[in-house]
Structures are given as C-alpha cells and as structure tokens.
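Please examine the sequence and the model shown below. The explanation that follows turns to the ligand and its surroundings, and then to the aromatic rings.

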Amino acid sequence: MKKHLFFIGYMGSGKTTVGNALSEMTGLPVLDMDEAISKSFDMPIRQIFDTFGEEAFRNAETELLREIADLEAPLIVSCGGGVPLRKENRDLLKENGKTILLEASIDELIKRLSSDNESENQVSRPLLNTSITPDSIGDMIEKRKAAYEEAANFTILTDGLTPTEIASRVIDLMNS
Ligand code: S3P
C-alpha cells in the first residue's frame, strides 16, 4: 500500500517547514532526512561531506529511504534536496507513497537561502559554498528539473504562500 508523504524540492523550497506544519495539522509524525542522517553520523551535514565525501552522504540517504520504505505506519518525510537525483531513490519514492514537489521562484529561493545562511543552517548546506546568485541557483534548478519532475506526483508553487497554506493545499490534494 502507498503510505508515506514525501516532500522534495530544491534547498530553500520549504520542505522542512511545510513538513512540520503538516505534521501539526494532521498529527502524523514527521521525519527530516538531513536531521536523521546528521544524528546517525553525530555531526552536521557539512562535516559528513568534508570527512567522508558526498558519495557516503548519498549512500546514507538511500539507506535511510530503504528503512523508511519498510516502516508500516505512515510518515511525512522531508527529503534532502538531492534525494530525487538517484534512480533508486526515485523508485523508492514512487513505490512507497506520494511525492510533493515544492517549487519556488529563483528570487524567493535566494531570499530564503540568504536568510538561512545567516543562521545555523549554513553549516548544513555544503553545496552552497559558492555565493548564492540567480545564475548559480538557476543552473542547479535546470540540472535537477527532470529528476524532480519525474519523482513528483504533485507540484506546488509556494511563492506568496505561508507554510500553513501550503500544508492545507497538500491536504486538499490528498483528499481529491
Ligand atoms: C542537498 C540539500 C540539503 C542536504 C545536503 C545536500 C542537495 O538538504 O541534504 O546539503 O543536494 O540539494 P536541504 O534541501 O534540506 O537543504
């Protein structure tokens, strides 16, 4: 049976915030993949990249996704931004629930990532080493677009919406 609800999207698209809002509204538990992987390595994501390399982090993501797939009780899952890039991960998403792609305009992503970068999230985003510009964000979106769209059952453009409004749309989509 399809059970879990996965949020995917580019860094700064609001997966964690919306996952938490939806969890509060529905009472379903939420699992943030970055947080779980960081806990299992007992270090921030950036340190995992620096110490073991990106491949080790990507393997940990796939391993965690397999574990989530085996769980019977439905979960809201906030995926790391790179999760849909592997074919095996896309298959796991498809076989184990519904996947919502959260999209935002480049301007909105820059706004969110810049304010995150002034906070503790800076340590958890090793792929944002270079400065955040419309070109760098646009390039990454372009490179990932096909994989994200292939993985998604639904897409929500989040510009101008609050996390609660986005979570309400997800509930409507699930009930339709
Ligand atoms: C990544 C996104 C990050 C984190 C890691 C790699 C990516 O998660 O998993 O830094 O490749 O897009 P968020 O999307 O939650 O920031």
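**Ligand shell and aromatic pairs**

In this predicted model, a polar backbone atom of G82 lies 3.4 Å from an oxygen atom of the ligand. Side chains make such contacts as well: an N or O atom in the side chain of K15 is 2.5 Å from a ligand oxygen, and for R144 the corresponding distance between a side-chain N or O atom and an oxygen of the ligand is 2.7 Å. The ligand taken alone exposes 390 Å², of which the protein buries 96%.

The surroundings of the ligand comprise 15 residues, and K15, D34, R58, R125 and R144 come nearest. By class, this shell contains 6 charged, 5 nonpolar and 4 polar residues. Helix α4, spanning residues 54-70, gives the most to the shell, with 3 residues.

The aromatic rings form a second topic. Across the whole structure, 2 aromatic pairs are found. In one of them, F41 and F52 are tilted, with 5.5 Å from centre to centre and 55 degrees between the planes. This pair links distant parts of the chain, since F41 belongs to helix α2 (residues 33-41) and F52 to helix α3 (residues 45-52), 11 residues apart. F41 has a relative accessible area of 25% and is therefore partly exposed; F52, at 46%, is likewise partly exposed.

F49 and F57 also pair: their ring centres are 5.1 Å apart and their planes meet at 45 degrees, so this pair is tilted. Tilted pairs are those with planes neither under 30 degrees apart nor over 60. Both F49 and F57 are buried.

Definitions and conventions. Residues are numbered from 1 along each chain as its sequence is written. This is a predicted model: local features need pLDDT of at least 70, side-chain atom pairs count only at pLDDT 80 or more; totals for chains, interfaces and linings use all residues. Side-chain values use heavy atoms; hydrogens and water are left out. A residue is near a molecule or strand if one of its heavy atoms lies within 4 Å of it. A polar contact is a pair of N or O atoms within 3.5 Å; within protein, one must be able to donate a hydrogen and the other to accept it, and residues adjacent in sequence count only if both atoms are side-chain atoms. Accessible areas come from the Shrake-Rupley method with a 1.4 Å probe; for residues, only the protein chains shown count as cover. Helices (H or I, at least four residues) and strands (E, at least two) are DSSP runs, numbered from the N terminus. Ala, Val, Leu, Ile, Met, Phe, Trp, Tyr, Cys and Pro count as nonpolar, Asp, Glu, Lys and Arg as charged, and the others, Gly among them, as polar. Rings of Phe, Tyr and Trp (its six-membered ring) pair if their centres lie within 6.5 Å; planes under 30 degrees apart count as stacked, over 60 as edge-to-face and the rest as tilted. Buried means under 20% relative accessible area, exposed over 50%, partly exposed in between (1.4 Å probe, protein chains only).
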